[in-house]
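Here is a request for a guided reading of one protein model. The paragraphs below go from one residue to its surroundings, and then on to other parts of the chain.

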Amino acid sequence: MAKLPPFPGTSGRRDWPTAIDAVRKLMANGDDTTQVFRIMRALNVGNAPMNYARLLATEQGGRIAYDRVELAQRFSDPAFVASFAPGTVGAAYRTFLETTGYSADGLVEVSRLEPSEDDIAHPYAWFGRRVRDTHDIWHVLTGYKADESMGEAALVAFSFAQVGGLGWALIGTAAALKSMRVTGSKLFAKAVWEGYRNGRKAKWISGEDYLELLHEPLDAARARLGIVTPVAYLRAQRELGPELASYLSMQKAKLEQATIVPERIAA
């Protein structure tokens with residue numbers, strides 16, 4: 001596989017102090033999605049060139065990169081979201097948006113760490129946005145709940161296996177370790193580890209043409225991509241119950257005596 005140059009103007013060094021500060025804040029408040037992006041930027045050094053090169057090496061990757069579709073714009077179009085036939089990945093994504101209240105443009109906004117930050121016109125930055133914008137599609141494909149601490153942590157581990165980046169590894173590990181103290185059980189941690197293993201087994205989903213994938217029947221897409229049923233995750237959901245499966249968010253809700261609807265995490 002070709003080795004591409006680093007992103008212009010970057011030092012190539014990981015910013016561990018920022019990452020540690022951000023993960024502490026995220027573990028204190030799982031709904032503080034901004035910390036996820038701080039961690040990604042601090043630790044995922046060199047990740048974008050690696051994945052962009054991998055995309056170009058796939059059969060459709062050159063065309064996908066040439067087209068450079070901004071998926072958040074498409075996913076934010078109500079007519080586009082409404083166009084998918086029942087039973088498809090796109091229809092499941094539509095249901096996901098309706099039931100959670102989440103949105104593609106909301107995820108874009110929370111990913112901007114500076115108010116004036118614009119989308120950078122560079123292939124690596126475009127690929128990073130592509131990973132971010134397909135995060136909820138991955139929730140749909142894997143079955144990991146988005147409005148649940150364990151579902152997010154499991155998908156983080158799945159994402160680390162798929163696209164690399166120490167930021168994903170740090171978040172998943174921190175959530176799994178803390179879960180053992182909070183829940184008094186290893187079930188949450190086992191679900192996160194299963195997410196990593198399932199991500200390793202699956203086809204590289206970032207190489208997919210999402211505009212085609214969304215029209216594919218959900219079960220057929222899962223089978224083709226090698227995405228298996230998360231057995232340990234489903235067991236943990238049953239045995240831990242909603243409160244412990246969502247311990248990061250639930251603690252914040254109890255502390256503030258309010259119901260919180262997070263904008264959540266991105267890949």
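**A walk through the model**

The side chain of S149 comes within 3.5 Å of the backbone oxygen of S246, a polar contact. The model is a predicted one. S149 belongs to helix 11, and with a relative accessibility of 8% it counts as buried, because the limit for that word is under 20%. Apart from neighbours within four places in sequence, S149 is in contact with F188, A245, S246, Y247, L248 and S249. P49 is 100 residues away from S149 along the chain, and the C-alpha atoms of the two are separated by 30 Å.

In the loop between helix 10 and helix 11 sits D147. D147 is partly exposed, with a relative accessible area of 41%. Residues up to four places away in sequence aside, D147 touches Y102 and S246; S246 is also the residue whose backbone oxygen is reached by the side chain of S149. The C-alpha atoms of D147 and S249 are separated by 8.6 Å, although the two residues are 102 apart along the chain.

Y102 leads on to T100, since the side chain of T100 reaches the backbone nitrogen of Y102 at 3.1 Å. T100 lies in helix 7 and counts as buried, at 16% relative accessibility. A polar atom of the T100 side chain also lies 2.7 Å from the backbone oxygen of F96.

Next comes helix 10, residues 135-142. How many of its residues are buried? Eight of the eight are, so helix 10 is largely enclosed by the rest of the structure. These buried residues are H135, D136, I137, W138, H139, V140, L141 and T142. They pack against helix 5 (71-75), helix 7 (89-100), helix 9, helix 11, helix 14 and helix 15 (218-225). After helix 10 comes G143, which has a positive phi, near 85°.

Two residues of helix 10, I137 and L141, also stand out in the largest nonpolar core. This core has 70 residues, and I39, I137 and L141 touch the most other members. Helix 11 (residues 149-163) gives the most to the core, with eight residues. In soluble globular proteins, nonpolar side chains tend to be buried together. L141 touches V89, I205, L213, L218, A221, R222, L225 and I227, when residues up to four places away in sequence are not counted.

L213 and L225, both touched by L141, are also in contact with E208. E208 lies in the loop between helix 13 (187-201) and helix 14 (210-213). Is this charged residue buried or exposed? E208 is buried, with a relative accessible area of 8%. The side chains of E208 and R224 make a polar contact at 2.8 Å. Beyond its neighbours within four places in sequence, E208 is in contact with I64, R130, K203, L213, R224 and L225.

Further back along the chain is A65, in helix 4. A65 is buried, with a relative accessible area of 9%. Its contacts, not counting residues up to four places away in sequence, are Y52, L55, L56 and W126. A65 and P123 are 58 residues apart in sequence, while their C-alpha atoms are 7.8 Å apart in space. In the loop between helix 4 (61-67) and helix 5 is R68. Phi of R68 is positive, near 50°, in a residue other than glycine.

The last stop is the largest pocket. About 1000 Å³ of space lies in it. Which elements give two or more residues to its lining? They are helix 2 (34-43), helix 3 (47-56) and helix 9 (123-133). Helix 9 supplies the largest share of the lining, seven residues. In total 32 residues line the pocket, and M40, R41, A48, A125 and G128 lie nearest its centre. By type, the lining residues divide into 15 nonpolar, nine polar and eight charged.

Methods:
Residues numbered from 1 in each chain as written. Predicted model: local features only at pLDDT ≥ 70, side-chain atom pairs only at ≥ 80, totals over all residues. Heavy atoms only, no water. 1 Å grid on protein atoms, 1.4 Å probe; cavity = no way out; pocket = protein on both sides within 12 Å on 5 of 7 lines; lining within 4 Å. Points joined across faces, edges and corners; volume = space filled by probe spheres on them. Helix = DSSP H or I, 4+ residues; strand = E, 2+ residues; numbered from the N terminus. Nonpolar A, V, L, I, M, F, W, Y, C, P; charged D, E, K, R; others polar. Core = buried A, V, L, I, M, F, W, Y, C linked by side-chain atoms within 4.5 Å. Buried < 20%, exposed > 50% of the residue type's maximum accessible area, 1.4 Å probe, protein only. Contact = heavy atoms within 4.5 Å. Polar contact = N/O pair within 3.5 Å; in protein donor to acceptor, adjacent residues only side chain to side chain.
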